[in-house]
Amino acid sequence: QTCNPDYYKWTQWIFLQLFNSWYNLEIDKAESIEALVEKFKAQGSKGFEIENGFSAEEWNGFSEEEQENVLQGFRLAYLAYSEVNWCEALGTVLANDEVINGVSERGGHPVTKKKMRQWFLRITAYAERLLNGLNQVDFPEPLKEMQRNWIGKSEGAALKFKVKCEKLKGGQNLELEVFTTRPDTIFGSTFMVVAPESELTQLLTTEEQRAEIDKYVNYVQSRSERDRLAEVKKVTGAFTGSYAINPFTNEEVPIWTSEYVLASYGTGAIMAVPAHDSRDYAFAKKFNLPIREVVAGGDISTES
C-alpha cells in the first residue's frame, strides 16, 4: 500500500539517493554530488560540457543559489519546467489517463496545459549502462526488448535551421533545432512543424497569423498528449507566417504548428519529410504542401 509509511519511506529514500548523486561518465557509475562539488572547487568546469563555463575561483565565489543552479544540471533528480495537465477546479495536476476529451475524469472539469516546475529523473545520463545491463541479466528476450524500447535510444544528428525573420519582432538570430535519425532526408524536407505549446510558436508567429495561431493553440490546450498521438485520421494545424532556411539547399520552407508534434518530445520541432513519414505525408496532403521523394522504393502518389 503506497499510503503506508513503511512503504513510502523507501520511495523517499530512493529519491534522496538520486537527488544527492550525479552520473560520472568517466567511471560509468553514479557517485555523490559532493564529489562533483570537490571537482568544481579544484578545477572549475574544465572537462565538463557546461554552456556558461567557470573557473575554480568563480565557483568558490558563487552564492549557494548559483552553485545549486549549476548542480541542478547534474543531479539525477532535478527540477525543471514542463507542460502539465492542470485542472483549476480540482487544484491539481492530472495524468494523461485522468483527462477525457479535455475534462477531468472525476467531475468533468476543464483541463488546460500549463507550464509548471516538476521533478524529473535524469535517466538519459545512464541509459547506455541500462542497455548494457540487459545483456547481463537472465530475462526473457521479449521483456528485454520492451526495456530497450522504453529506454528509447536513438542515434542521429541535431540540425539547425536559421529562421527568416523580416516580419518577426526580436526574431533575429532565431534558429530551429531538430533531431533526426535520418539526416540524409533533409533534401526532402518541404516544411517544418513546431509544437503548439512551445514558446517557439509564439516567437515565430507573425502579426498577420496571430489570431489564427491563438485560436489553434487554445484548441490544442484542451487535448491530452495521448489523444494527440493517437489521432491519425483528423489532421489539424496552422501556419505561423514564418520560414526557415534549409542549411543544405538554402530553400525557404514554411513553419507550421500542429498537435502531432509535442513540446515534451525532442526539441519540440521537426523537419517534415512527407515523402518518408506517414504523419508528415497526411499533413502535406491536407494543406497542399510539396511532397519530395529522396529515398526510392515506394509510391508517394498513394502513401509515404
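Here is a walk through the strands and cores of this structure.

The model is a predicted one, in which local features need pLDDT of at least 70 and side-chain atom pairs count only at pLDDT 80 or more, while totals for chains, interfaces and linings use all residues. Residues are numbered from 1 along each chain as its sequence is written, and side-chain values use heavy atoms, with hydrogens and water left out.

Let's start with a hairpin. Strand S1 covers residues 21–24 (strands are DSSP runs of E, at least two residues, and helices are runs of H or I, at least four residues, both numbered from the N terminus). Four bridges join S1 to strand S2, residues 29–32, and the two run antiparallel. Ser21 stands opposite Ser32 of S2. Four residues lie between the strands of this hairpin, where Asp28 takes a positive phi near 55 degrees. From S1, Ser21 and Tyr23 point one way and Trp22 and Asn24 the other, yet all are buried (under 20% relative accessible area, with exposed meaning over 50% and partly exposed in between, for a 1.4 Å probe and protein chains only).

Next comes an open sheet of three strands in the order S4-S3-S7, with antiparallel pairing; two strands pair if DSSP finds at least two bridges between them. Its edge strands, S4 (92–94) and S7 (112–121), each pair on one side only. Three bridges join S3, residues 77–87, to S4, and Cys87 has Thr92 in S4 as its bridge partner.

Glu83 also sits in S3. With a relative accessible area of 23%, Glu83 is partly exposed. Leaving aside residues up to four places away in sequence, Glu83 touches Lys113, Lys114, Lys115 and Glu197; contact here means heavy atoms within 4.5 Å.

Now for the interior. The largest nonpolar core has 17 residues, and those touching the most other members are Phe161, Leu176, Val178, Met192, Leu204, Ile255 and Met271. Such a core is a set of buried Ala, Val, Leu, Ile, Met, Phe, Trp, Tyr and Cys residues joined through side-chain atoms within 4.5 Å. Among the elements giving two or more residues to this core are strand S9 (175–180), helix H7 (199–204) and strand S12 (252–257). Strand S8 gives the most, with three residues.

Ile255 is worth a closer look: not counting residues up to four places away in sequence, its contacts include Val163, Leu176, Met192, Leu204 and Phe239. Apart from this core lies another, of 12 residues, among them Phe191, Ala195, Trp256 and Tyr260.
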